[in-house]
Amino acid sequence: MYLNFDPCFKKSALIILIIFFSSSPAFGADVRATVDNTNISLNESVSLKVIVNDGGCDVDTSLIKDFKVTPRGESTNIQIINSKYSKEVSHNFLLFPIRKGHLSIPALPVNQDGKVFYTQAITVNVSDSPSEKSGMADIFITADVSKTDPFVSEQIVYTFQLFQAVKIANARLKEPEFKGFFSIKIGDEKTYRKIINGRNYSVTELQYVLIPDKAGKIRIEPSVLTGDIARAASRSRTNRGFPFDSFFNTRQLEPKQYITKSINLNIRSLPAVPETVKRFSGLVGKFSINSEISNEQVEVGDSTTFSVTIEGEGNLIDLSRLDLTVPDHWKIYEDKPVEELNTGPRGYYGRKTFKYAMVPIKSDDYVIGPVSLVYFDIDQEKYLPISTEQFAVSVKPSGDPNKAIFADDVQTENKKSLLPKKITVKVIGHDILPIKDDLTAMKNQSHMPLFNYLVCVGAPPLLFCFFTFFLLGYQKQINEEKISRKKALKILKDMSVDRLPENELLTSLYQSLCFAIRSKAGGKGLSITSSEVERILKPAGCPEIIIESTAALLEEIESIKYSGKRLDQADRSDLASKSEKVIKELCK
Amino acid sequence: MQIKAIKATVCCIIGILILFNILYASETMSYMNGIKAYQEGNYDEAVSQFTKNVQSGINNGKLFYNLGNAYLKQENLGRAVLWYERAHRLMPRDPDLRFNLEYARGLVKDQVEEKTSPLIKSLFFWNYILSFSEIILLSIGFSISFWLMTFFRCIYSKKLKSFFLNIIYYSLLNISAVLILTGFYNYYDFIHVKQAVILPEKISIRSGLSDDSTELFTLHAGSKVKIQSEKNNYVKIYFSNGKLGWIKRSAIEIINT
């Protein structure tokens, strides 16, 4: 059976179907990677685009090992051409080469909705940067040190220079860490111009003083400069010769990275201190020493100032005290040293002055000085002693009684000083205490999980509540039993066997007996039948004979009560005495 | 049939005991090798051996202290401070540890800008001299003592209400309440407040989650920071008031693991 459609309807349906399928989005991801340049030099960068059709995704760039990767955001391109919808998302990255050679950008995994697609691998040829001296490079950087084999504590100068023939924007410098050195920057950066191979460069220079801490081979890591260089936009490059180029010329910033070479240093230990040297001051460099005294003619109690100045280039900052020999009968007051240190192209230089206020306490002729110290001379590479001149000081008796008293006080103080002086204990070495070698270190000390802690802390109050509740219940039962006993005996006591009507007598006996049963076994309710007696009394540990007699008595009372039997006086007395005996037995 | 089952059970128990013994022996051997390597100056080997012990699940202050020593001798200040800090949580009163930790902290280049106030330390002194585990055990002990005494007071109401016993009773109540609250605070702190140590010699803290984000400040190995959040292999850290930013996850190690 065939359906016959109108030819016009068939055409219309066909057109609708074509439009419908052609306008539906493309299924499945098309992933590709592109770079802007495959031949670059070491200080240039490559712009990598990972383009994915149809929607967002994650690009894993961790596989790129030969380049430093910097993400530069995403861009989206949506097109509808002839009712065909397409969407492209570009993931942009900037790659800085780490070394020269044929470097590879491997196939990068792109994760889209749980499915992984791969880009194609790309090889980039990285060549050396243009020679610095050729004048070809627009921008280059250099780093150098003033000496590559200094001694420990000898200062050297690290110089970083940025040469730029074109301007660099957003420049960021990452200096080395100077591991193994005490480092300090010398002043502000200097800027000057220099012509290399006929090309005019603007030079920016930074300097650091480095003082090595320990001997051995040390590597100063490269300095890294990153920044953007303005380049003519690609559109203007393609339209060379267009008359309005200079007017419409647009420029775009191209990211760049420059790296200096690393510097290897061999730090030498200082030679062994000769035995003739009493104490090495720790100074390394080139130094001189001189001294002066404010007054060579003084009276007892007068003060004179003795100054010692050490001047030169080197680690003066490390010198904290001098060995000054004070004559007897002088009191000395040490002042804080005055530093006038500067940093220059050769490192630290300047002077350090130690001042002492000296007061004589006895008249005589004295010699002050000389003050000596030993430093390590870096030019001669040996330990050199330097010393100040001597001063002859004449001390005369004082006419001022106050100064004489002062002198006496100082003498008394000096006598006291014959006793052993208290010395502040100073730490002269630094190290850690040794490891612990006992096997208790193998014991686990993990703390309790939170849930266990909650149980441990919550259990005592819960147990307390439980036991308290139980005890209260028990106490209540005991109280009920006591009350029942009292009631049973009270009814028995108040009951007048001879005068009470028969019905009331039987009711009283019945009630008393019920209370007696309740006093033994607890519980509530005063309507107990003879058949229930055993069930109630047996669990309470009541002897069998009492249970039987109680049941029999209860049955007898019930049968008399409900049968309407008349009791004579003898029966009443007999029933009452039987009841009293059983009740008292139960209430024991 | 029954005898066979008993035999199999006994064999299983003996097997498990032997296996446990072998494992313990290998851990002990590794520990002893670590000590020997340290004493011979082979700090790399010492670190490797002590790390094996830690990886086998041993959580001990002395072991962490030894590991801190080995790292410090290796001149790895970041990891040395990390392991000393971990040891300090387990044995806060150990004098050797306190000495070495202070020494290591002295080598850290960054100055600590936010210190716990001495007043807080005096007010909550027990939390600074007792370890986490000790506070937990003491709080449980005091809590049990308090509830036992409460129970006996209910039973022997008149005998256990003298002045002296009242003082003991209310002291137990206060101490157990304080210790339990401290215990819960410590659990909260352990679970929610993540402290970490900077591992590299020098690292830049940046404003965003990439290497080219603006550098805000730099920190050095051994500095302690608080972790505020984590995203795409980066963590947001807090050093002091006004000093927070993003850093790579691999550049830090969390203390309270």
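Is B:N232 buried or exposed? Let us start there and then tour the rest of this predicted model, one close-up at a time.

**View 1. B:N232, a loop residue of chain B with a positive phi.** With a relative accessible area of 62%, B:N232 is exposed, because the cut-off for that label is over 50%. The residue sits in the loop that runs between strand 4 (224-231) and strand 5 (234-240) of chain B. Its backbone deserves a look too: phi of B:N232 is near 45 degrees, a positive value, and the residue is not a glycine.

**View 2. A:S153, a buried loop residue of chain A with a positive phi.** Here is another residue other than glycine with phi on the positive side, at about 75 degrees for A:S153. You will find A:S153 in the loop between strand 11 (139-145) and strand 12 (156-164) of chain A. Its relative accessibility is 18%, so A:S153 counts as buried, the limit being under 20%.

**View 3. The cis peptide bond between A:G369 and A:P370.** Check omega as you zoom in: the value for the bond joining A:G369 and A:P370 is about -5 degrees. A:P370 belongs to the loop between strand 26 (364-368) and strand 27 (372-377) of chain A.

**View 4. A:S484 and its contacts in chain A.** A:S484 is part of helix 5 (residues 450-494) of chain A. Once neighbours within four places in sequence are set aside, A:S484 is in contact with A:F515, A:R518 and A:S519. Why does A:S484 count as buried? Its relative accessibility is 8%, and the label applies under 20%.

**View 5. Chain A as the setting for the three previous views.** Chain A has nine helices and 29 strands. Of its 588 residues, 36% count as buried. Among the contacts in chain A with a separation of 6 or more, 70% come from residues 24 or more positions apart. The area that chain A exposes is about 35600 Å², with 54% of it supplied by carbon and sulfur atoms.

**View 6. The interface of chain B and chain A.** On one side are 54 residues of chain B, in contact with 37 residues of chain A. Between them the two chains bury about 4100 Å², and carbon and sulfur atoms carry 65% of that area. In chain B, the residues that lose the most area to chain A are B:W147, B:Y187 and B:D212, together 14% of what that side buries.

**View 7. Salt bridges and polar contacts across the interface.** How many salt bridges are counted between chain B and chain A? There are six. One to centre your view on pairs the side chains of B:K73 and A:D431, at 3.2 Å from N to O. Polar contacts add to the picture, with 21 residue pairs found across the interface, both residues at pLDDT 80 or more.

**View 8. The side of chain B that touches chain A.** Several helices of chain B each supply at least two residues to this side, including helix 1 (2-39), helix 3 (61-73) and helix 9 (163-192). Helix 8 of chain B gives the most, with twelve residues. By residue class, this side of chain B divides into 29 nonpolar, 16 polar and nine charged residues.

Technical notes: Residues numbered from 1 in each chain as written. Chains lettered and ligands numbered in written order. Heavy atoms only, no water. Contact = heavy atoms within 4.5 Å. Buried area = accessible area lost by both parts, 1.4 Å probe. Salt bridge = Lys/Arg side-chain N within 4 Å of Asp/Glu carboxyl O. Polar contact = N/O pair within 3.5 Å; in protein donor to acceptor, adjacent residues only side chain to side chain. Helix = DSSP H or I, 4+ residues; strand = E, 2+ residues; numbered from the N terminus. Nonpolar A, V, L, I, M, F, W, Y, C, P; charged D, E, K, R; others polar. Buried < 20%, exposed > 50% of the residue type's maximum accessible area, 1.4 Å probe, protein only. Areas by Shrake-Rupley, 256 points an atom, 1.4 Å probe, with all protein chains shown as cover.
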